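Biologist: Could you walk me through this one before I go back to the bench? I'd like to start with the ligands and then move on to the folds and the odd backbone spots.

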Amino acid sequence: MSRERPPVLVTEALCKGCGRCIEACPKKAMTLGSDINQTSGLTPIHIDYNLCNSCGLCVVACPEPYGLGAEVYDLEDPRHLYGEQARSKRPANVAPRKIPLPKVEPMVLKGNYASAIGAILAGCRHVYGYPITPSTEGAELMAKLLPKLDGVFLQACSEVATVNHMYGCAAAGLPVMTFTSGPGFSLMLEGISYFIGAELPGVFVDVMRPGPGLGYIGPEQSDIKLACRGLGHGNTHAIVLAPTSPQEMLDLTIEAFTLTYKYRNPVVIAADGYLGQITGRVTLPDHLIEPGLPDWAVWGDAAHKSNLISSIFQDWSELEKHNEKICAKYRVMEEHEQRSTGYQLDGATTLVVACNTPARMAKAAVERLRREGRPVGLFQPLTLWPFPIKALLTELVHANRIVVVEASDGQLEDELRLALHHARGPDVDIRHLRHMGGILPTDQEIYQIARSCTEVAQ
Amino acid sequence: MSQSHETKAADKKPGAAFFDHFDRHAHGKGLKGGTTHYCPGCGHGLAHKFLAEALVELGVEDRTVMISPVGCAVFLFYYFDTGNTQAAHGRAPAVALGHKLANPNSIVVSYQGDGDLAAIGLAEIMHAAQLGIPISVIFINNAIYGMTGGQMAPTTLPGQWSATTPEGRGPMQGQPMHVSEVIAKLDGASYVERCALYDQRERKRCKAAIKKALQLQVEGRGFGFVEILAECPTHWHMTSLESELHVKNVMAKEYPLGLIKDVTREPWFSPAKPTFDVERVLDVLETERDTVERFCQKFPEHLDPLDVSIKLAGSGGDGAQTAAMLVTRTAICEGYDSTHIPSYGPESRGGTSYADVHIAKSEVLSPAAPHPHVLVAFNAPSLDKFAGDVRPGGMVIYDASVIAKAPKVAEGVRVHAVPMSAIAQRLGNVVVKSVVALGALQQAAQVLDERSFLGELRRSLSHKAGMIPVNEEAFKAGVQAVRTPA
Ligand code: SF4
Ligand code: SF4
Ligand code: SF4
């Protein structure tokens with residue numbers, strides 16, 4: 001025979017005794033063994049070294065990485081004995097960089113466009129989406145602008161694909177977002193649950209429209225329940241931001257990227273159909289952001305090679321720990337990320353609670369009531385989850401009536417009641433004004449119901 | 001982008017891109033640290049091995065990202081010493097594209113079983129293949145669901161037992177799906193081959209196929225797809241050797257082995273790196289760098305002390321939205337707050353199209369205009385619908401060229417009949433009708449200032465400079481028509 005070949009050796013404890021190597025051996029040197037290996041409980045293969053010529057063909061046929069080979073896998077090696085090794089050092093965490101922006105004239109933008117531009121200024125260059133009214137302009141603008149910035153807009157084959165393209169981009173460590181609306185948002189929920197489980201950042205702009213089913217394309221606020229309580233399977237939550245104007249669409253989108261990285265948890269921007277379509281004045285911030293690269297990213301280079309993005313835990317107690325870790329983040333969000341704003345809250349005995357476009361109508365009504373000397377104020381949650389209960393409780397020191405104004409069947413009111421209950425808030429008289437189907441509560445209606453509250457009070 | 005290898009093949013010891021020790025497999029304790037979770041004789045182990053070897057031979061393991069599916073291979077990341085992302089059931093190719101487009105220099109492998117790829121994930125794999133972006137897909141076809149315990153897969157053979165075809169796959173359960181042939185039909189796919197693992201020749205071919213699919217990606221040429229007929233002794237209720245023979249004698253008859261498609265493109269995939277350059281961003285966003293001159297002396301308090309609302313209504317092509325947008329832009333340039341909300345959706349395709357505009361001294365509160373100060377109507381139905389809503393003291397301006405009947409309005413509402421269409425026609429461009437309307441609006445209501453409108457017209461037409469004169473003329477004609485009615 002020609003040159004020396006290393007002998008082929010079986011690591012008996014790692015051989016599963018499948019016998020695939022038998023067929024591969026031209027010398028018929030291999031046979032199924034007969035002695036059960038006491039470590040593995042399986043019966044390893046037997047090699048007759050009188051017949052074996054070390055051709056190595058059996059190794060090619062063996063499905064086990066370390067079952068058969070030129071060396072015996074040393075189970076006693078300390079590197080192998082004690083479980084997890086300190087793996088190659090963690091890569092550096094490259095922080096995002098703020099780059100100053102010169103002052104420019106205010107822009108005149110549709111809500112969807114404002115959000116898209118906010119994302120661009122927040123450093124997002126990867127956007128995936130699927131057309132759905134009334135959110136589509138966001139995707140359209142991204143399709144136009146991102147190639148000019150050497151970014152990526154990809155129209156996915158569905159919302160299911162969208163959220164998973166996003167998942168890959170987020171896993172690679174880059175900012176990513178989408179625009180969608182009710183039916184599309186429903187389809188993304190499984191993926192959002194994976195985002196949460198795998199602790200990935202991503203921004204979802206849901207320009208809410210009426211359901212159920214196909215519903216239609218007007219403005220509604222009927223995904224509040226989904227965004228606050230129903231982000232797919234598992235113990236899921238995400239910060240839900242509720243803008244009121246194109247300016248807030250931009251500002252809160254930028255904020256959403258900060259929050260999503262801060263917590264490694266998705267952020268939902270819940271807008272309504274009107275807000276997607278309305279055009280208004282938008283002032284740009286004084287800087288833009290160039291994203292960094294987080295140390296946990298599966299970027300695809302040597303430095304990030306030992307990273308893993310996954311939400312599966314085979315060990316039940318580990319999975320419980322993982323859930324506890326995620327839930328602990330929720331508690332921090334509840335503590336630190338409640339946001340709200342208000343109008344004419346001083347000394348108000350009646351609070352109108354509203355968000356998104358209805359908050360603008362409510363502001364108009366409050367303005368009118370105050371001119372009439374009636375103590376009515378507007379309380380406007382900017383985060384729907386976590387509900388800004390701390391700020392609301394402060395107002396409930398002087399207010400004893402709440403009118404929740406919304407374009408849904410009490411989805412905002414449920415959040416308020418739940419938060420109030422958990423916080424053991426005072427007993428307040430809660431009334432509501434609701435519309436659905438694309439109809440928004442008008443300032444006149446809000447005026448009337450809030451006014452009747454003040455009359456009862458007097 | 002250069003396809004620079006971060007690790008040169010020559011520097012690497014031969015071997016496989018496996019961890020020395022499987023720390024992630026039950027924390028690497030005991031035997032688990034050295035062995036896979038696969039059943040004895042399972043085809044996955046071999047597919048892993050050939051893939052792991054090919055990555056090292058190509059010298060790309062450091063920049064590889066493996067996407068693990070849902071199925072028996074969900075724990076692929078226990079073994080591959082590469083970047084790893086675990087995907088939702090069926091979505092591995094979508095996740096793979098997310099990775100590839102984030103870092104085009106990464107080598108992304110989507111590894112999927114037959115339930116994952118051919119059932120729940122069919123849409124994702126078809127679109128990834130048709131897109132043709134260079135990623136590599138390894139498709140393990142063992143004609144059964146392994147992880148969930150032996151249920152029917154789209155690739156289950158006719159008559160084959162499974163937990164959900166207890167009498168064998170019959171006509172009511174459909175025919176086996178020939179995925180590779182389907183993928184090969186898609187223009188985006190460059191390379192498709194079907195392999196097996198049952199003997200030395202097939203194993204060699206399988207390894208070569210995997211390597212070729214990866215090579216296509218490394219060179220930025222195209223989408224590679226390798227189907228591997230793999231053994232599942234557990235759910236086939238066979239020994240390993242019987243399983244190998246089953247693939248050879250039965251499965252390979254249904255799913256013929258061999259090259260199915262190979263139309264390698266020239267290297268083409270080399271996206272540039274995204275830019276964050278301030279100047280470029282501001283240019284792309286079309287921001288206005290110079291301060292815009294203001295002309296309005298004071299807010300149009302003669303209409304309302306704080307907030308003026310205007311409704312513009314017509315049919316789809318009348319330009320109501322364009323005019324509304326110009327009003328909003330002009331008002332904002334003048335330092336006011338302003339909003340424009342269109343009627344949107346299918347209505348905007350031909351039916352009535354209307355726009356609500358607000359101009360507010362400090363802040364627009366309610367953006368709808370159910371009772372506008374001014375109505376601009378381009379056709380009779382719109383005029384009929386909205387004229388009655390105009391508030392006392394307000395005004396209605398309508399296109400007298402196409403509307404014969406004067407509207408019924410509340411007391412104290414002024415009405416201006418302006419032959420907008422006729423004027424536009426005289427100017428030789430019907431489209432400028434909406435600009436005629438703007439001139440009329442300005443003259444009738446004195447909302448802002450003529451000069452501010454003209455300035456905004458010029459700015460918004462800056463990339464169609466040839467259109468500026470006719471638009472200016474249209475605006476002035478609108479002004480004139482109200483100043484001296486015919
Ligand atoms: S050496 Fe490998 S192929 Fe042979 S029986 Fe053991 S595990 Fe199976
Ligand atoms: S090395 Fe060759 S001859 Fe020896 S057991 Fe393996 S296949 Fe048979
Ligand atoms: S169930 Fe089948 S596919 Fe899954 S590991 Fe076992 S043999 Fe392999």
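Biologist: Which residues are around ligand 3?

Modeller: Ligand 3 is surrounded by B:Tyr38, B:Cys39, B:Cys42, B:His44, B:Cys72, B:Asn142, B:Gly146, B:Cys232, B:Pro233, B:Thr234 and B:His235, where a residue counts if one of its heavy atoms lies within 4 Å. Please keep in mind that this is a predicted model, in which local features need pLDDT of at least 70 and side-chain atom pairs count only at pLDDT 80 or more, while totals for chains, interfaces and linings use all residues. Residues are numbered from 1 along each chain as its sequence is written, chains are lettered from A and ligands numbered from 1 in the order in which they are written, and side-chain values use heavy atoms, with hydrogens and water left out.

Biologist: Which helix gives the most to the shell around ligand 3?

Modeller: That is helix H7 of chain B, residues 233–236, which contributes three residues to the shell around ligand 3; helices are DSSP runs (H or I, at least four residues) and strands likewise (E, at least two), numbered from the N terminus.

Biologist: And how does the shell around ligand 3 divide by class?

Modeller: The shell around ligand 3 has six nonpolar residues, five polar ones and no charged ones. Here Ala, Val, Leu, Ile, Met, Phe, Trp, Tyr, Cys and Pro are nonpolar, Asp, Glu, Lys and Arg charged, and the others, Gly among them, polar.

Biologist: OK, over to chain A, then. What's around ligand 1?

Modeller: Around ligand 1 you will find A:Cys15, A:Lys16, A:Gly17, A:Cys18, A:Gly19, A:Arg20, A:Cys21, A:Ile45, A:Cys62, A:Pro63 and A:Leu68. Counted by class, the shell around ligand 1 has seven nonpolar, two polar and two charged residues.

Biologist: What about ligand 2, which residues are around that?

Modeller: For ligand 2 the residues are A:Val8, A:Cys25, A:Pro26, A:Lys27, A:Ala29, A:Met30, A:Cys52, A:Asn53, A:Ser54, A:Cys55, A:Gly56 and A:Cys58, and the shell around ligand 2 divides into eight nonpolar, three polar and one charged.

Biologist: Switching to helices: at what angle do H4 and H9 of chain A cross?

Modeller: Helix H4 (residues 111–121) and helix H9 (residues 246–263) of chain A cross at roughly 30°, and their axes come within 7 Å, which makes H4(A) roughly parallel to H9(A). The axes are lines fitted to C-alpha atoms, for helices over the stretch in contact, with angles from 0 to 180 degrees between N-to-C directions, and under 35 degrees counts as roughly parallel, over 145 as roughly antiparallel, 65 to 115 as roughly perpendicular and the rest as oblique.

Biologist: How far apart are the axes of H6 of chain A and H2 of chain B?

Modeller: The axes of H6 (residues 159–171) of chain A and H2 (residues 92–102) of chain B are 6 Å apart, with a packing angle of about 45°, so H6(A) is oblique to H2(B). Within chain B, helix H1 (residues 43–57) packs on helix H6 (residues 200–218) at about 50°, with the axes 9 Å apart, and that makes H1(B) oblique to H6(B) as well.

Biologist: Last topic, the backbone. Where are there cis peptide bonds?

Modeller: One joins A:Gly211 and A:Pro212, with omega about -10°, and A:Pro212 is in the loop between strand E10 (203–208) and helix H8 (224–229) of chain A. Another joins A:Trp385 and A:Pro386, with omega about -5°, and A:Pro386 is in the loop between strand E19 (383–385) and helix H13 (389–395) of chain A.

Biologist: And what is the phi of A:Arg424?

Modeller: A:Arg424 has a positive phi of about 50°, although it is not a glycine, and A:Arg424 lies in the loop between helix H14 (411–422) and strand E21 (429–434) of chain A.
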